[in-house]
Amino acid sequence: MGASQKFALVASVLLLLSGVLLASEAEKSKDSESCNAESKEGCGCQQSRDKDSKKKDAEEPKADDTKPKVFYYKPVKGDTPYKRTNQMVRIPGGTFTMGTDEPIFAADGEGPGRQTKVDPFYLDKYEVSNAEFELFVNQTGFKTEAESFGNSFVMENYLSEEVKKEITQMVAAAPWWLPVDGADWKHPEGKGTSLKGRMDHPVIHTSWNDAVAYCKWVGKRLPTEAEFEFACRGGRENRLFPWGNNLNPKGQHWMNIWQGKFPEENTAEDGYDYTAPVTAFPEQNKYGLKNIIGNVWEWTQDWWTTEHTKDFKDNPKGPLSGTDKVKKGGSYQCTMQYCYRYRCAARSQNTPDSSAANLGLRCAATKLPSYLKKPAKDEL
Ligand SMILES: *[C@@H]1O[C@H](CO)[C@@H](O)[C@H](O)[C@H]1NC(C)=O
Ligand SMILES: [Ca+2]
Ligand SMILES: [Ca+2]
């Protein structure tokens, strides 16, 4: 192709891209008008990455080549390089009030409160750690979507000057989020970064599709939104947090969020200015769950909708189809002033192929996988 044709192509791609960004900005301002709040903790990756810019081109391997054959988890006996954090807790099930009649972000579909029944199930006690995910990749050769696309979203504050210099594209609606070339689960802040010292931190940059593959591999599945919220609430009705309404129970921090003025200053009073180990902080409710709110957002099975009725729901699984998946729990980037979404009723969404530095997962199961029936002594 000639130089002028090339130029025309590049120009039209840029035009298209700015259209998408503008559209998403319009979307955001609509959002903040209707809920009278700061725009949500988007990572600017709301639109499907298929429409995304550069990397996705003809030279890229076809999706089918990169899809893993899902082999099943081989429990590792004896000494393992890292502690296993894959235990599950039993969630007894029952009927609870899902959502709330006092939404903070009405536009997110936090309301209305509706009576919802959930059958007993099992849920990972911890977010999936880098060590767990590495074992998955070691055993299956799995390649995440961020690795296929060649980039993922990271908040500007966590990037080196060197990496920042290379970035030209910015997300209009959330300028502190940058698409970083080479950012993936193994290189959380892009080229030259590693997991050193954070094998027990939650895996990040995993898309919904990656999360589904991981959970399948360990003989589990993602929780439904109703299951996640039931588990989050820990048997307590209409509370903000898993333990009650007090942000800092007993004057302590029970979760990893953001303290200080977002995004300029993170005082990290909770001990962490970025992700925390999946084992950090007290158990957040009587089910023994850790970091079910805070630390990283977690994918659920359900497609996203904001339309809910007050009708009784029996083990709801969300809409049959959609464009976005529901994520729950908020992250280390949430503050009361910005993204007050570390509440059990709060919710947000991303396309199933999105990934970012504040988004991870934990798995659920209807039946306990057999390898977990006898908890090993050396497990955390
Ligand atoms: C994965 O494989 C690498 C290379 O063999 C090894 O160093 C690492 O410890 C393995 N990770 C896990 C979690 O077993
Ligand atoms: Ca923190
Ligand atoms: Ca979490």
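Me: What spacing do the donors of the calcium ion (ligand 3) follow along the chain?

Reply: They follow E-x163-N-x2-G-x1-V-x1-E. The model is predicted: local features need pLDDT of at least 70 and side-chain atom pairs pLDDT 80 or more, while totals for chains, interfaces and linings use all residues. Residues are numbered from 1 along each chain as its sequence is written, chains are lettered from A and ligands numbered from 1 in the order written, and side-chain values use heavy atoms, without hydrogens and water.

Me: What makes the atoms around the calcium ion (ligand 3) donors?

Reply: A donor is an N, O or S atom within 2.8 Å of the metal, or 3.2 Å for Na, K and Ca; water is not among the atoms, so sites may look incomplete. Glu127 (OE), Asn291 (O), Gly294 (O), Val296 (O) and Glu298 (OE) coordinate this ion at 2.3 to 2.6 Å, which is within the 3.2 Å set for Ca. Glu127 sits in the loop between β4 (121-124) and α3 (130-140), and Gly294 in the loop between α7 (225-233) and β7, so the pair ties together parts 167 residues apart in sequence. Helices (H or I, at least four residues) and strands (E, at least two) are DSSP runs numbered from the N terminus.

Me: Why are Glu127 and Gly294 called buried?

Reply: Buried means under 20% relative accessible area, exposed over 50%, and partly exposed in between (1.4 Å probe, protein chains only). Glu127 has 0% and Gly294 has 0%, so both are buried.

Me: Which residues coordinate the calcium ion (ligand 2), and how do you know whether Asp270 is buried or exposed?

Reply: The donors are Asn256 (OD1), Ile257 (O), Asp270 (OD), Asp270 (OD) and Tyr272 (O), at 2.3 to 2.5 Å. Their spacing is N-I-x12-D-x1-Y. Asp270, at 7%, counts as buried, whereas Tyr272, at 25%, counts as partly exposed.

Me: Why is Glu269 called exposed?

Reply: Its relative accessible area is 54%, so Glu269 is exposed. Glu269 is in the loop between α7 and β7. The C-alpha atoms of Glu269 and His253 are 8.1 Å apart, with a sequence separation of 16 residues.

Me: What makes Glu134 a polar contact of ligand 1?

Reply: A polar contact is a pair of N or O atoms within 3.5 Å; within protein, one must be able to donate a hydrogen and the other to accept it, and sequence neighbours count only if both atoms are side-chain atoms. A polar side-chain atom of Glu134 is 2.5 Å from a nitrogen atom of ligand 1, and a side-chain N or O atom of Asn138 is 2.2 Å from an oxygen atom of the ligand. Alone, ligand 1 exposes 360 Å², of which the protein buries 51% (Shrake-Rupley method, 1.4 Å probe).

Me: Why are β10 and β11 called edge strands?

Reply: The open sheet has four strands in the order β10-β9-β7-β11, with mixed pairing. β10 (348-350) and β11 (359-360) each have a single partner strand, so one side of each lacks a neighbour in the sheet.

Me: How do you know that β7 and β11 pair?

Reply: Two strands pair if DSSP finds at least two bridges between them. Two bridges join β7 (residues 297-303) to β11, and the strands run parallel. Trp297 has Leu359 as its bridge partner in β11.
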